[in-house]
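I opened this one to go through the fold, the surface and the confidence scores. My notes follow the order in which I looked things up.

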Amino acid sequence: MLRVNPVTGLYTTIVAGLLISIFGGSRFQIGGPTGAFVPVLLGIMLQFGYENLLIAGFMSGILLIIFAICKVGSLIKFFPQSTIIGFQSGIAVIIFTGQIPNFLGLHNMINLNTSI
């Protein structure tokens with residue numbers, strides 16, 4: 001299995017932040033939605049490997065372009081505000097708890113080579 005260096009994530013974050021700044025977006029979309037995909041991407045990488053993660057990323061990019069062309073984002077107005085806040089809070093909790101082992105220095109104790 002191909003291992004990715006953590007510095008790759010930093011480079012990706014920097015490049016993504018620059019591209020979002022250059023090409024704009026909306027006042028609601030900065031770079032935070034990427035954090036919602038971290039647990040999903042980790043699961044894909046652990047189960048299917050890095051090569052298939054790239055394929056899944058490419059396929060999801062195509063879906064996002066199709067959704068943008070069809071203006072699917074306008075459907076968000078039909079969701080209750082409490083649902084949106086709960087979803088965002090859940091993402092924040094997942095990201096926060098995922099960083100606790102790194103903060104406490106326990107990352108060597110976690111075996112990421114286990115099959116899911």
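**Surface and ground rules**

I started with the accessible surface of the protein, which comes to about 9,800 Å², 73% of it belonging to carbon and sulfur atoms. Areas here are Shrake-Rupley values with a 1.4 Å probe, and for residues only the protein chains shown count as cover. Of the 116 residues, 5% count as buried; I use buried for under 20% relative accessible area, exposed for over 50%, and partly exposed for in between (1.4 Å probe, protein chains only).

Note to self: this is a predicted model, where local features need pLDDT of at least 70, side-chain atom pairs count only at pLDDT 80 or more, and totals for chains, interfaces and linings use all residues. Residues are numbered from 1 along each chain as its sequence is written, and side-chain values use heavy atoms, with hydrogens and water left out.

**Confidence**

I checked pLDDT next (the predictor's confidence in each residue, from 0 to 100). The average for the protein is 74, and 68% of the residues score at least 70. Among the elements, helix 4 has the highest mean, 87, and helix 2 (residues 33-36) the lowest, 61. Over residues 112-116 pLDDT stays under 50, and the model has 5 contacts beyond four places in sequence for them (contact: heavy atoms within 4.5 Å).

**Helices**

I counted 5 helices and 0 strands, so the order from the N terminus is α-α-α-α-α, with elements taken as DSSP runs numbered from that end (helices H or I, at least four residues; strands E, at least two).

Does helix 4 come out at or off its expected span? Its 20 residues (50-69) should give 28 Å at 1.5 Å a residue, and the end C-alpha atoms are 29 Å apart, which agrees. The expected span is 1.5 Å times one less than the number of residues. Helix 5 has 24 residues and reaches 35 Å from first C-alpha to last, close to the 34 Å expected. Gly 105 follows helix 5 with a positive phi near 75°.

In helix 3 (residues 38-48) I looked up Leu 42. Leu 42 is partly exposed because its relative accessibility is 43%. Leu 42 and Leu 53 are 11 residues apart in sequence, and their C-alpha atoms are 8.9 Å apart.

**Loop between helix 4 and helix 5**

Lys 71 sits in this loop and has a positive phi of about 55° although it is not a glycine. Lys 71 is exposed because its relative accessible area is 60%.

Leu 75 is in the loop too, ahead of helix 5 (81-104). At 44% relative accessibility, Leu 75 counts as partly exposed. Leu 75 also helps make a nonpolar surface patch of about 1,100 Å², with Phe 58, Ile 62 and Phe 79 among the other members.

Key
Patch = residues over 30% accessible without salt bridge, like charges linked within 9 Å, V, L, I, M, F, W, Y side chains within 5 Å. Salt bridge = Lys/Arg side-chain N within 4 Å of Asp/Glu carboxyl O.
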